[in-house]
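Here is a friendly walk through one protein chain, for anyone opening it for the first time. Have a look at the sequence and the 3D view, then read on.

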Amino acid sequence: MEYKCIGLLGDSIGQGYFSDNNEGWFGKYINMLSKEKPKYFGFQNMSVDGERVTDVYHRLHNEALTKELDVLFIAIGA
């Protein structure tokens, strides 16, 4: 199996704010995938509380695209 890295670029929802255990949807996704295939996935949560679309746009170019990600989720203003 080939190792895959999944990233998330977003705002407070991506950080897990407003969820029961501050895990959020990305944390639940990580746990689900890690149970099915341990050590097969790596994760980068690049969410920042208070980010707006323009902030995420700039971080997309300066942060997310400089990493070796196989999949990138962008969740802002959800």
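Start with Cys5: its bridge partner in β2 is Gly42. Strand β1 covers residues 4-10, and five bridges join β1 to β2, the two running parallel. Helices and strands here are DSSP runs (H or I of at least four residues for helices, E of at least two for strands), numbered from the N terminus. Two strands count as paired if DSSP finds at least two bridges between them.

Before going further, note that this is a predicted model, where local features need pLDDT of at least 70, side-chain atom pairs count only at pLDDT 80 or more, and totals for chains, interfaces and linings use all residues. Residues are numbered from 1 along each chain as its sequence is written, and side-chain values use heavy atoms, with hydrogens and water left out.

**The sheet and its helices**

Which order do the strands take in the sheet? It's β2-β1-β3, an open sheet of three strands with parallel pairing. At the edges sit β2 (41-45) and β3 (71-75), each pairing on one side only. On average, neighbouring strands of this sheet are turned by 15 degrees against each other, direction ignored. For angles like this, axes are lines fitted to C-alpha atoms (for helices, over the stretch in contact), and the angles run from 0 to 180 degrees between N-to-C directions.

Helix α2, residues 24-36, packs on the sheet and touches β1, β2 and β3. The direction of α2 makes about 170 degrees with that of β2. Helix α3 (residues 53-62) lies across β1 and β3, and runs at about 150 degrees to β1. Contact, by the way, means heavy atoms within 4.5 Å.

**Two loop residues**

Asp70 is in the loop between α3 and β3, and it takes us back to Cys5. How far apart are Asp70 and Cys5 in sequence and in space? They are 65 residues apart along the chain, yet 5.4 Å apart from C-alpha to C-alpha. If you leave aside neighbours within four places in sequence, Asp70 is in contact with Tyr3, Lys4 and Cys5. Asp70 counts as partly exposed because its relative accessibility is 45%. The scale is simple: buried means under 20% relative accessible area, exposed over 50%, and partly exposed in between (1.4 Å probe, protein chains only).

Lys39 belongs to the loop between α2 and β2. With a relative accessible area of 79%, Lys39 is exposed. Its backbone has something to show too: phi of Lys39 is near 65 degrees, a positive value in a residue other than glycine. Most residues other than glycine have a negative phi.

**Salt bridges**

A salt bridge here is a side-chain nitrogen of Lys or Arg within 4 Å of a carboxyl oxygen of Asp or Glu. By that rule there are four, including these:

| Side chains | N to O distance |
|---|---|
| Glu51 and Arg59 | 2.5 Å |
| Arg52 and Asp55 | 3.4 Å |
| Arg59 and Glu63 | 2.8 Å |

Glu51, Arg59 and Glu63 are linked in a network of salt bridges. Arg59 sits in helix α3. Is Arg59 buried or exposed? At 14% relative accessibility, Arg59 counts as buried, and Glu51 is buried as well. Glu63, with a relative accessible area of 25%, is partly exposed. Beyond neighbours within four places in sequence, Arg59 is in contact with Leu9, Gly10, Met46, Ser47, Val48, Glu51 and Ala64.

As for the pair of Arg52 and Asp55, Arg52 counts as exposed at 55% relative accessibility, while Asp55 is partly exposed at 23%.

**Aromatic rings**

The structure holds seven aromatic pairs. Why is the pair of Trp25 and Phe26 called edge-to-face? The ring centres are 5.7 Å apart and the planes stand at 75 degrees, so the pair gets that name. Rings of Phe, Tyr and Trp (its six-membered ring) pair if their centres lie within 6.5 Å; planes under 30 degrees apart count as stacked, over 60 as edge-to-face and the rest as tilted. Phe26 is buried at 1% relative accessibility, whereas Trp25, at 34%, is partly exposed.

Those two belong to one aromatic cluster with Tyr29, Tyr40, Phe41, Phe43 and Phe73. Tyr40 also has a charge over its ring: the charged end of Lys37 is 5.1 Å from the ring centre. That label needs NZ of Lys or CZ of Arg within 6 Å of the ring centre and within 35 degrees of the ring normal.
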